[in-house]
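This briefing concerns the arrangement of secondary structure and the burial of residues in one protein chain. The sequence and the structure come first.

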Amino acid sequence: MGSRQTALQRAAYIRGSRETRSLHTSGLGNRGRDTPGDRGMARAALQLLTLLWAATRTSTQTRSSCSVPSAEQPWVDGIQVIMENSVINSTFPNPSVLIAMNLAGAYNVEAQKLLTFDLMASDTADLTAGQLALTIMALTSSCRDPGDKVSTLRTQMENWTPSSLGSYASTFYGPSLAILALCQNNPETTLPIAARFAKTLLASSSPFDVDAGAVATLALTCMYNRIPVGSEEGYRALFVQLLKKIVEDISTRIRDNGLIGDVYSTGLAMQALSVTPERPNKQWDCQQTMDTVLDEIKEGKFQNSMSIAQILPSLKGKTYLDVPQVSCSPDQEVQPTQPNFPSPVPTSASNITVVYTISNQLRGVELLFNVTISVSVKKGSVLLVVLEEAQRRNPKFKFETRMTSWGLEVSSINNIAGNVNDKTYWQFLSGKTPLIEGVADYIPFNHEHITANFTQY
């Protein structure tokens, strides 16, 4: 399942919170004996200053203090090409990929057009709030009118309630994306929805995972930056209070090598920590994070199009807050500089043995089992091949998959399927360590013990 500091020396970041509040409380307010004309001029000046401040923040807030060295740029170009090429053969139009293409500047214009048209024509009736939000942002970044998708999303969020105050924090991932998309479309009508959402998050007792916390930070930062003129100051205080809580939580996940959470949650976290107006107590070395991510790219960790889509904006100095500012240039295909990938050393097609266990020990589920099998597959095979070989040899290992934005996900094993309402899913582990790659991406090693455990979150 999906798991997702500050740049202390960010060059061009406008802090603005205290300074702007002072503009609201000194020099422009009623002085007791001003005339109606004075008050009108004051209101006009306030509106102008607020608009200028918001525009300045929007144009500078995504400039972080770290960047990809020019010598390493071909590696970034390489994973962008992998992501864009995935569009042609994919049956799943992924809005996250289109957002990343537009923020980074697409190389493959035909793939960009194809994905844009697929998303415009897609049926949004069964989409979750998060999926619909990403679709709106993808179309917005393509200079396309999302149409009635925005009003549909607004209605969803007006009726949204968490399953409980103790809901697992990852369940706020989709609604956070929704607040972000609505904020970029119309912050004034979004304000009461965002305030109710923020109060719900403050009341939640569950810690945030990195992904959900990062997206919530982006959404709240958007609202903080775009609070309409004349709104109560309490809104700003509410967003600041929650931002401080979430950003501190994210900062505790910064590892010694600079990664935030795991390698695949780092991209969204980098976006969040580079724009938040609230700085965590723990110092974040943005360049260290960038350098470690580049090392992971060289190790081949970014081959999945979704993982690339989430890291690419940060590698290009962009965040999801830049979506409304994307400039749609005339069609012009650009050929990137390709990295010199190391040539693989020829090896014999040797086999490896993988021990594979399926286990369901959840009480209340009708079929309890714990079955293990050893299978032999070609070295370099992905985990999906192991599952297929186990299924071929023993019908108890029958499994089903479904396509998601992250690729194939195992939805059922031995006729036991995960259920959102029951908060159950199949979790894969190597030994006792949860895998952070999917079955179509993870490559087992010889004599590794893989367990598929039916789990409740």
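The points below proceed from the whole chain to individual helices and strands.

This is a predicted model, in which local features need pLDDT of at least 70 and side-chain atom pairs count only at pLDDT 80 or more, while totals for chains, interfaces and linings use all residues. Residues are numbered from 1 along each chain as its sequence is written, and side-chain values use heavy atoms, with hydrogens and water left out.

**Overall composition**
- The protein chain contains 15 helices and eight strands; helices (H or I, at least four residues) and strands (E, at least two) are DSSP runs, numbered from the N terminus.
- Of its 457 residues, 50% are buried, that is, under 20% relative accessible area with a 1.4 Å probe, protein chains only.
- Carbon and sulfur atoms account for 51% of an accessible surface of about 21,600 Å², computed by the Shrake-Rupley method with a 1.4 Å probe.

**Helix α14**
- Because 11 of the 11 residues of α14 (residues 305–315) are buried, this helix is largely enclosed by the rest of the structure.
- Among the buried residues of α14 are M306, I308, I311, L312 and L315, as well as Q310 and P313.
- The cover over these buried residues includes α3 (73–89), α4 (95–104), α8 (173–185), α10 (210–225), α12 (266–275) and α13 (286–298).

**Helices α5 and α6**
- Helix α5 (residues 109–121) packs with helix α6 (residues 129–141) at an angle of about 130 degrees, and their axes are 10 Å apart; axes are lines fitted to C-alpha atoms, for helices over the stretch in contact, and angles run from 0 to 180 degrees between N-to-C directions.
- That angle makes α5 oblique to α6, a class left for angles that are not under 35, over 145 or from 65 to 115 degrees.
- T116, L119 and M120 of α5 meet T135, A138 and L139 of α6, where contact means heavy atoms within 4.5 Å.

**Strands β3, β4 and β5**
- An open sheet of three strands follows the order β3-β4-β5 with antiparallel pairing; two strands pair if DSSP finds at least two bridges between them.
- Since β3 and β5 (416–417) are at the edges, each with a single partner strand, one side of each is left without a neighbour in the sheet.
- Six bridges join β3 to β4, and T401 stands opposite V410 in β4.

**Helix α15**
- In α15 (residues 383–393), the buried residues are L383, L384, V386, L387, E389 and A390.
- These buried residues pack against β1 (351–360), β2 (369–378), β3 (399–404), β4 (407–413), β6 (424–430) and β8 (449–456).
- α15 lies across β3 and β4 and runs at about 150 degrees to β3.
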